[in-house]
Amino acid sequence: MPEADAKTSRGMLSQRLGVSDPHRLSQWLWRLFVLPAEQRRPLPLLLELIWLRLRVVLIRELGVRKPDSPRDWIAACLLLRPASPDAPTEAWHAPLIELLQPLWFVLKLMWWPMQRLSARLDRVDYGPADRRLESFARLTTERYPLIGYLMVISVTLLLAVCATTPLSPGAQFALLILMWGTTLLLRRLPGKVPTLIMVGFSLVASSRYIWWRLTETLDLQPGAEMVMGIGLVLAECYTWLVLILRYVQDAWALKRPVAPLPPTPQTWPSVDVFITTYDEALSVIKPTVLAALSLDWPKDKLNVCILDDGRREELRRFAESVGAQYIIRSNNFHAKAGNLNHALSMTRGDLVAVFDCDHIPVRSFLQTTVGWFLRDPKCALVQTPHHFFSPDPFERNLGTFGRVPNESALFYGVIQDGNDLWNATFFCGSCAVLKRSALEHIGGFAVETLTEDAHTALRLHRHGYTSAYVRLTQAAGLATETLPSHIKQRMRWARGMAQMFRIDNPLFGRGLTLLQRICYANSMIHFFNGLPRLVFLSAPLGYLFFEYHIINAWATTIAVYVLPHLIQAELVGSRIQGHYRHSFWAEAYESVLAWYIAVPAMMALINPRAGRFNITAKGGLIEHGYFDWKISIPYIVLTVLNSAGFIVGVGRLLFWNTHEIGTVLMNLAWTAYNILMLGAALGVAAESRQVRVAHRVPLRIPATLYFDDGRAVVCTTSDYSTRGLGISLDAPLAASIEAPVKIALSRGDREFVFQTTITSLTDTRAGLRFERLSLDDERHLIECTFARADAWLDAGADTPQDRPLASLGEIIRFGALGYGHLLSSAFALLSTRLYRLRRRTPLTATA
Amino acid sequence: MKVIAMVSCLGGSGRTTLTAALASAFARRGRPVLALDLDPADLLPTYLGATAPHDSGLHASLVDTSGATALNAIQNSDGIRILSVGNTAFPSAPAILREHPSRLRDILRRLGLQDDTVVLIDTPRQPSVYADQAQAAADLSVQLWRADVASYARLAATLPTPDRTLHLINQMDPTRRLQSDLHALLRARLGSQLLAPIHRDEALCESIAANQNPFEYAPRSRAIMDLEMLAERLLQALTSTVVPARVDA
């Protein structure tokens, strides 16, 4: 009986779809793309004309004899054209021009008003509007807070009305087009007003989506569908919440200037510089200490301390030889926070500057930061960005260093600056200055959580102190070296932030303003993104494998709601963060970390005092590129599931679920996107070769080469590291490789000379390796390079601005590359295993 | 006409070398240049390319109170005109010159040089009446030093008159620690009167030995870059008010 049923249903379907012979697969495939003649809709007149013209030209040019037979067309396209002695002898492109002319004309006609409009928009001066907005904002926040509150309330009400108004799918589609079109126009305009309008659109679109999802798409019949549906909707609510909080946090960056110091250095406060270390090599610590010692600050008011939890004799001798204080303690309680607290009890300076041992400060660090303590007596913290001059695992393995902003760029470029507007910038553990009296007031650095930095700042804010963020790169350091160590670091952050959320939740407790609560909460909630990301990465599988309809709506309806939500958010993101985070990269970063931070964050949320979560960091030399199988297991599993889902989905599209093609297509697109993101994650797991050398930093300053025969030649440096220098030459150098040469770099009026050996030489470039640097030489070298006040001023300035589509293209490319890596590594692994298997028998026989 | 005197109280400080090189630098900038050699050692013409001794009559003209002696300059291939005192002895010269401190100035004024001409004067080691004549005639004196202990001691003993004088360290060698330190000391002492130093560089001597224009011989060498900057700085000093123009007594 079922067989007969299938037969009749297939017969009906074939009739409806116009498949003439239901037994031939090719007929079905053909009908997938081409409608039968009687169902064909007429084309609009204009397109019909163009199509007719195109057909005529093509028939003539290709020499199609029977235009109604597809076979003839294919033959003609494959250049199997019959010899035609009387072919017209026109230029080859003449028909093309003839063909395109009407199309071109129509396009021009349509484009003309757009061009006029955009030219008109480009002529407007948007400065005054921005200034008016700014003064109005100041007025409402400082003089008439009541107006501000009223506005917030009315905007919230309006938003609620906009979000909850029901619309038919058609009307919702019209809204989509209207908002999208307006945004495309608005994003051309500079200034804050268009940004705020775009944020408004995005809020409306996303809130409408969430409201619609919550009210109309939930299927509350108990069962697997309900569980998965609610899981997905919760994940979506999470992203919606983070989006809204992020807009509050980011929409208005403070861009705080540097507060100048009084001209009398005797009145400047005294500073202790704490450099914390545990097991890092002396070669890593040395530049930081030397740079800290040469900070531009009165020498009697500067005390550099090395806080060594490793208690190493070598470090003590080094500290003594350079004149730094060496501080150790008898235990390692509370790790870094305990180390800092112990050092607080051993020193007496008015301010405390904290550096990780691999963050090298520039000489102007204190002069650009300390001013705020003098201007604002309640100020307890001044934070500056962390900048990395070596590529992190993402940048190294994907080869995006300097082209795509890295993961931390968004935080230090936008988020901290946005926090600063609400006096909610928090301490990031390094490159910051804190006030001793304030620290003593709150009982020292917080020791209860793994993120002692943010927790300390939260306490300071709770006690009424203020913080400041100066977005000037005044220090630079090394990024994490391998993916495992990167993941380990993020796990620690996620765990610490989750602990704070439980132990000292910023939403509750006294002393904070509402917006401080929001900013802190968002920074913490952000670390819970692991679980929702995993939900998104696996959600379409429910349908593809088991046909669970976890969103209870038609695919087209879903599309008209979800598209504005995604598009508007992406466009606003591109505008606000374009320079610090390229579109779609957030998904890529999150996809890599999702699996690893989901568990610790949740565990810490459930039990904030549970034991540590650690994975082993490999570190060290990466002599050959390798594929990190261990770390990529979760991605491989997800990839396999998604790929299988995709294949099943294609089957559903063609055979099993042809009654809901829209739903299948939507889930297929979703899975395809997931597969791409997972591919990028796999690409990151393929560790590219890295011999651990000193990282080279670009620097262009004049220099002089002094040869032993008395010649002195002018050149320009191109890059430097702690090991050597690259120089560019205007004229070929009369020298040979391995020849000794001295190079002079200047710092201010003074020149410093370093003994080097030429390691490579062409007509335009040369590489030099430092030889026999004394401690003084090293100090001077740091002063001339890493510690220059302008060393990092234009850091990130040449990262290109975000172009959403190009960015998507890049992710797709990395996805493909990731799969390439995966497959080739799998083949390599298999072949070595097979080889070993084959070898084993004779080997045991001889033994 | 702008007059620059190169003076120094140290032997071997490179007066003649720098005068010749600066003459080339100004000529490269399209300025008419007259190089005057007041040093009886008579090396400047050689440094500027002259191959045979030449009596220009400058010495006679300095001694001749009537002012009727004709001057006869030679010119090198870069268009630099050269007048030198030559090595003919005039025993009465010091006395006469001491009596007429502005004798050289009068001679230069009578030459009727173009307004944009730069006159560079090489002098014997101070104290010398010739150097005094040069300084009296100059819009700007460049006092040469070396970054060594002798220079520092001399500078401490006699601080020269501050106006119309700029100081210049020649043969600076930053690979020597002591030189760098002394340079810092001299800079602290002389402040803005100290020009950026000319570095020790074999290329300058080599170009003279090869009888070539140093700017063509080794254009990317350190001393040549220093000289380019020095020439610019001096032209700027001659036109700006920082160094007051000479006031006639």
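These entries record what I looked up on salt bridges in chain A and on helix packing in chain B of a predicted model.

**Entry 1: salt bridges overall**

I searched the whole structure and obtained 34 salt bridges over all chains. I then followed some of those in chain A.

**Entry 2: helix α12 of chain A**

I began with E313(A), which forms a salt bridge with R317(A), the closest N and O atoms being 3.6 Å apart. I asked how E313(A) and R317(A) are placed in helix α12. The two are four residues apart in that helix, residues 313-322 of chain A, and are therefore separated by about one helical turn. I recalled that an α-helix has 3.6 residues a turn, so residues three or four places apart point the same way. I noted E313(A) as partly exposed, since its relative accessibility is 40%. The pair does not stand alone: E313(A), R316(A), R317(A) and E320(A) are linked in a network of salt bridges.

**Entry 3: K336(A) and its two partners**

I next examined the salt bridge between D356(A) and K336(A), with N and O 2.9 Å apart. D356(A) belongs to strand β4 (residues 351-356) and K336(A) to helix α13 (residues 335-346), so this bridge ties together parts of chain A that are 20 residues apart in sequence. I recorded D356(A) as partly exposed, at a relative accessible area of 23%.

K336(A) also forms a salt bridge with E452(A), where the closest N and O atoms are 4.0 Å apart. Because E452(A) lies in helix α19 (residues 452-462) and K336(A) in helix α13, the pair ties together parts of chain A 116 residues apart in sequence. Is E452(A) buried or exposed? I entered E452(A) as buried, because its relative accessibility is 7% and the cut-off for buried is under 20%.

**Entry 4: helix α5 of chain B**

I turned to helix α5 (residues 103-110) of chain B and listed its buried residues: R103(B), L104(B), R105(B), I107(B) and L108(B). I then looked up what covers them. The cover includes β1 (2-7), β2 (33-37), α3 (58-63), α4 (93-99), β5 (118-122) and α6 (129-137) of chain B. After α5(B) comes G112(B), whose phi is positive, near 60°.

**Entry 5: A137(B)**

From helix α6 of chain B I selected A137(B). I found A137(B) buried, with a relative accessible area of 1%. Which residues does A137(B) contact, leaving aside its neighbours within four places in sequence? I listed V3(B), L104(B), R105(B) and L108(B). Of these contacts, L104(B), R105(B) and L108(B) are among the buried residues of α5(B). I also noted that A137(B) and L38(B) are 99 residues apart in sequence, with their C-alpha atoms 12 Å apart in space.

Note on methods. Residues are numbered from 1 along each chain as its sequence is written. Chains are lettered from A and ligands numbered from 1 in the order in which they are written. This is a predicted model: local features need pLDDT of at least 70, side-chain atom pairs count only at pLDDT 80 or more; totals for chains, interfaces and linings use all residues. Side-chain values use heavy atoms; hydrogens and water are left out. Buried means under 20% relative accessible area, exposed over 50%, partly exposed in between (1.4 Å probe, protein chains only). Contact means heavy atoms within 4.5 Å. A salt bridge is a side-chain nitrogen of Lys or Arg within 4 Å of a carboxyl oxygen of Asp or Glu.
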